[in-house]
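Reader: Please take a close look at one part of this model. I would like the nonpolar core and the ligand surroundings treated as one connected picture.

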Amino acid sequence: MLVLSSPSGAGKSTIARNLLESDAGFELSVSVTTRPRRGSEIEGVHYHFRTPREFEMLRDGDELLEWAEVHGNYYATPRKPAETAMAAGRDMLFDIDWQGAKQLKEKMRGDIVSVFILPPSMRELLARLKRRAEDSDTTIETRLKNARVEIEHWTEYDYVVVNDDLDRAFAAVRAIVAAERLRRDRRPGLYDFVAGLLDEEV
Ligand code: ADP
Ligand code: 5GP
């Protein structure tokens, strides 16, 4: 379970999209949110857009793996797809905030690899929020203000990547994924392989 977090605008959705396009092994956890849909977003692809009432019903029905209030809206990870992917041994990508990352770690510590994406500067963060041009000025202001709170949680993550140059940041995330997939404890098949090696007559 690869968790990507960052202050809004630092580039985690861009990095997540690149990863999903280049690595068929990853599936995206599509979150539920009560925030309004942006013009470029598609229901069920980027988010499941729900009313606050619908959200509360999902939460109270224990259908959410984690949930949090972010920038004045509710966001959550649906339980079922994540648990199905985990049971099938598939890798899943989570674009969630520090509160969600914390809850997932409490529930599934050994299965989580977490990466925090930092912007190269606050000035560039604001420029990216404006360049994305999908949020109102007030929304951008809230997100910039909340960026400091999000950044304060950087030490809770396994890896930190500064997204200055996108290609370099993406290469760093791919390197993290490659290394984590090579970890001995994620490769149960190695036991048989090594036993075979030791049995081999030469
Ligand atoms: P987040 O998901 O963290 O809110 P996005 O991925 O939506 O951020 O990126 C915010 C904006 O910044 C987008 O317009 C994106 O194209 C741009 N962006 C992302 N990474 C970089 C980068 N390294 N350099 C310049 N612009 C970037
Ligand atoms: P945005 O509105 O820009 O898509 O996302 C705002 C913030 O909410 C981002 O930090 C994003 O990572 C976070 N977020 C998105 N989905 C979830 C989720 O399912 N759970 C939690 N905790 N945060 C989420």
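Author: What follows goes from the core to the ligand. The model is a predicted one.

Start with the largest nonpolar core. It has 19 residues. Within it, L2, L19 and I117 touch the most other members. Four elements each give two or more residues: β1 (2-5), α1 (12-22), β8 (113-118) and α7 (166-181). The largest share comes from α7, with five residues.

A second, separate core has 17 residues. Among them are A82, M92, I151 and Y157.

Now go back to I117 and its contacts. Residues up to four places away in sequence are not counted here. I117 touches L4, S5, S6 and P7. It also touches A10, K12 and I15. Further along the chain, I117 touches V161, N163 and V173.

Some of these names return at the ligand. A10 and K12 touch I117. A backbone N or O atom of A10 also lies 3.4 Å from an oxygen atom of ligand 1. For K12, a backbone N or O atom lies 2.9 Å from a ligand 1 oxygen. G11 has a backbone N or O atom 2.9 Å from an oxygen atom of ligand 1. Taken alone, ligand 1 exposes 560 Å². The protein buries 79% of that.

Then the wider surroundings. There are 17 residues around ligand 1. Of these, G9, S13, T14, R132 and N163 come nearest. N163 is also a contact of I117.

Terms used. Residues numbered from 1 in each chain as written. Chains lettered and ligands numbered in written order. Predicted model: local features only at pLDDT ≥ 70, side-chain atom pairs only at ≥ 80, totals over all residues. Heavy atoms only, no water. Core = buried A, V, L, I, M, F, W, Y, C linked by side-chain atoms within 4.5 Å. Buried < 20%, exposed > 50% of the residue type's maximum accessible area, 1.4 Å probe, protein only. Contact = heavy atoms within 4.5 Å. Near = heavy atom within 4 Å. Polar contact = N/O pair within 3.5 Å; in protein donor to acceptor, adjacent residues only side chain to side chain. Areas by Shrake-Rupley, 256 points an atom, 1.4 Å probe, with all protein chains shown as cover.
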